[in-house]
Amino acid sequence: MTATSRLARLVAKLPPKVQTTVDRWLEIATLFGEIKDPKVARSLGPAGIRGLVLQRGKQGTPSLFQASHQAYFDWSYPADQPEMAELYGRAKRGQWDGDSLAWNTSVDPLDVEKPLIPDKFFDFSILERNGIRLDETEKRQFRADITAWMLSQFLHGEQGALMAAAQVTEAVQFFDGKLYGATQVVDEGRHVEVFHRYLDTKLEKLYQVNDNLFVIIDALMVDSRWDMKFLGMQIMVEGLALGAFGTLYKITREPLLKQLLKMVIQDEARHVHYGVLALREHIKNELGDAERKEREDWSFEVALLMRNRFMAYEVYEEWFEGRLPRAQWREFVTRAPGMEEFRHVMFSRLVPNLREIGLLSPRIQRRYDEVGLMKYFDGRSADQLSGDQMLAELDSTNGGLVALAG
Ligand SMILES: [Fe+2]
Ligand SMILES: [Fe+2]
């Protein structure tokens with residue numbers, strides 16, 4: 001018997017409440033243990049303590065982060081990045097008003113005809129094997145809660161993106177990038193507006209920020225290096241969010257949510273495109289090998305953090321705490337067909353972008369391969385894919401999502 005399985009058997013003998021606490025601590029310890037590069041540990045460690053151990057996002061008070069980047073002014077106003085200038089033009093023409101969405105649509109989160117997410121999203125037999133049987137109404141309510149949880153995390157992520165876009169606009173050295181960045185700040189403000197309005201007036205529910213998301217936001221806010229903010233927000237968080245928005249856009253039958261996501265996806269495609277342009281240039285021309293390696297390790301750790309750890313414990317605590325061990329909940333979430341699809345689409349968006357900006361050298365490819373992510377290596381990166389093309393692909397009839405949505 002391995003040490004892990006011996007520990008698991010020991011934990012299973014404890015009372016449910018104690019089990020939950022021990023499991024949470026073990027998960028944190030495993031996470032810290034997985035970080036191999038000391039520089040990455042220094043960057044994510046303090047944020048990890050604040051987010052995972054102290055749960056600073058869950059104290060019901062505003063969070064204050066000490067930002068320490070340098071604002072970069074250029075008094076000569078160079079036209080330095082034609083592709084960014086082109087994106088700036090596209091962003092100006094692509095502005096829209098959050099009020100213009102069909103807010104008069106009446107949304108019933110339990111509607112059978114127009115479900116928020118499909119019935120097949122979860123495999124409830126895993127819960128049943130653990131003695132938990134939900135009736136049809138409860139299952140619908142559960143799916144509505146999971147949707148509210150996902151949209152709440154999108155909203156919190158958008159708040160992070162709003163602040164990060166403002167910081168990056170100050171710090172970036174490309175002048176065309178600053179002009180473009182100003183439009184992104186407006187975009188992110190609008191995203192906060194529409195996600196919050198949907199949750200507040202249609203689902204009437206808001207979940208607290210997930211601890212893992214808090215860690216990433218915290219690490220980006222306090223890092224003084226603009227390219228780390230960029231990498232974290234424009235590539236990792238937005239890249240994965242774009243995949244998540246696309247999946248939800250494809251599977252939801254609720255028309256207002258679909259319309260909202262369609263508009264947001266078009267903006268986000270520009271944001272990730274900008275991230276790829278700025279970082280490709282910077283990593284290739286400005287960074288030394290050690291600095292590039294650090295960013296390579298950092299993005300791998302963050303990718304894992306996001307892949308393995310968005311377990312919706314906030315929903316677990318509400319529904320099953322004390323009735324179901326956390327390990328079984330993780331199995332239920334990880335093996336949900338909908339979640340598998342989310343992971344698939346998210347990483348098919350993210351990995352090609354990491355390749356394109358030069359953070360997938362053969363050295364790190366081995367680690368991506370070990371966790372099964374190398375199959376996404378050859379996909380199209382954000383600079384080769386506009387929002388319209390992305391939506392057209394999502395609207396087409398092929399892919400595993402159809403089975404899920406059908
Ligand atoms: Fe956004
Ligand atoms: Fe964005």
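In helix α4, the residues Met 84, Leu 87, Tyr 88 and Ala 91 are buried. Because these four cover an arc of only 105 degrees around the axis, they lie on the same side of α4. The model being described here is a predicted one, and this helix is a convenient place to begin reading it.

Helix α4 runs over residues 82-93, which makes twelve residues, and from its first C-alpha to its last it reaches 17 Å, close to the 16 Å expected at 1.5 Å a residue. On the other side of the helix from the buried group, Pro 82 and Arg 93 are exposed. What, then, covers the buried residues of α4? The cover includes α7, which spans 175-203, and α10, which spans 255-285.

Helix α10 can be followed further through one of its residues, Leu 277, which lies in that helix. Leu 277 has 24 other C-beta atoms within 10 Å, and since a residue counts as buried when 20 or more lie within that distance, Leu 277 is buried. If its neighbours within four places in sequence are left aside, Leu 277 is in contact with Glu 83, Met 84 and Asp 383; of these, Met 84 has already been met as one of the buried residues of α4. Leu 277 and Gly 338, by contrast, are 61 residues apart in sequence and 32 Å apart in space, taken from C-alpha to C-alpha.

A second region to look at is the packing of two helices, α9 (residues 226-251) and α14 (residues 337-356), which meet at an angle of about 140 degrees with their axes 8 Å apart. Angles of roughly this kind, which fall outside the ranges for parallel, perpendicular and antiparallel, count as oblique, and α9 and α14 are therefore oblique to each other. The crossing in which α9 passes α14 is right-handed. On the side of α9 the contact is made by residues including Ile 235, Gly 239, Leu 240 and Gly 243, while α14 contributes residues among which are Phe 342, Val 345, Ser 348 and Leu 350.

From Ser 348 the reader can step to Asp 378, for the two are 30 residues apart in sequence and 9.0 Å apart in space, C-alpha to C-alpha. Asp 378 lies in the loop between α15 (362-370) and α16 (387-395). Is Asp 378 buried or exposed? With 9 other C-beta atoms within 10 Å, Asp 378 is exposed, because a residue is counted as exposed when 12 or fewer lie within that distance.

Conventions. Residues are numbered from 1 along each chain as its sequence is written. Chains are lettered from A and ligands numbered from 1 in the order in which they are written. This is a predicted model: local features need pLDDT of at least 70, side-chain atom pairs count only at pLDDT 80 or more; totals for chains, interfaces and linings use all residues. The expected span of a helix is 1.5 Å times one less than its number of residues. The arc is that of the directions from the helix axis to the C-beta atoms. Two residues are in contact if their C-beta atoms, placed from the backbone, lie within 7 Å. Axes are lines fitted to C-alpha atoms, for helices over the stretch in contact, and angles run from 0 to 180 degrees between N-to-C directions. Angles under 35 degrees count as roughly parallel, over 145 as roughly antiparallel, 65 to 115 as roughly perpendicular and the rest as oblique. A crossing is left-handed if the near helix is turned anticlockwise from the far one by less than a right angle, and right-handed if clockwise.
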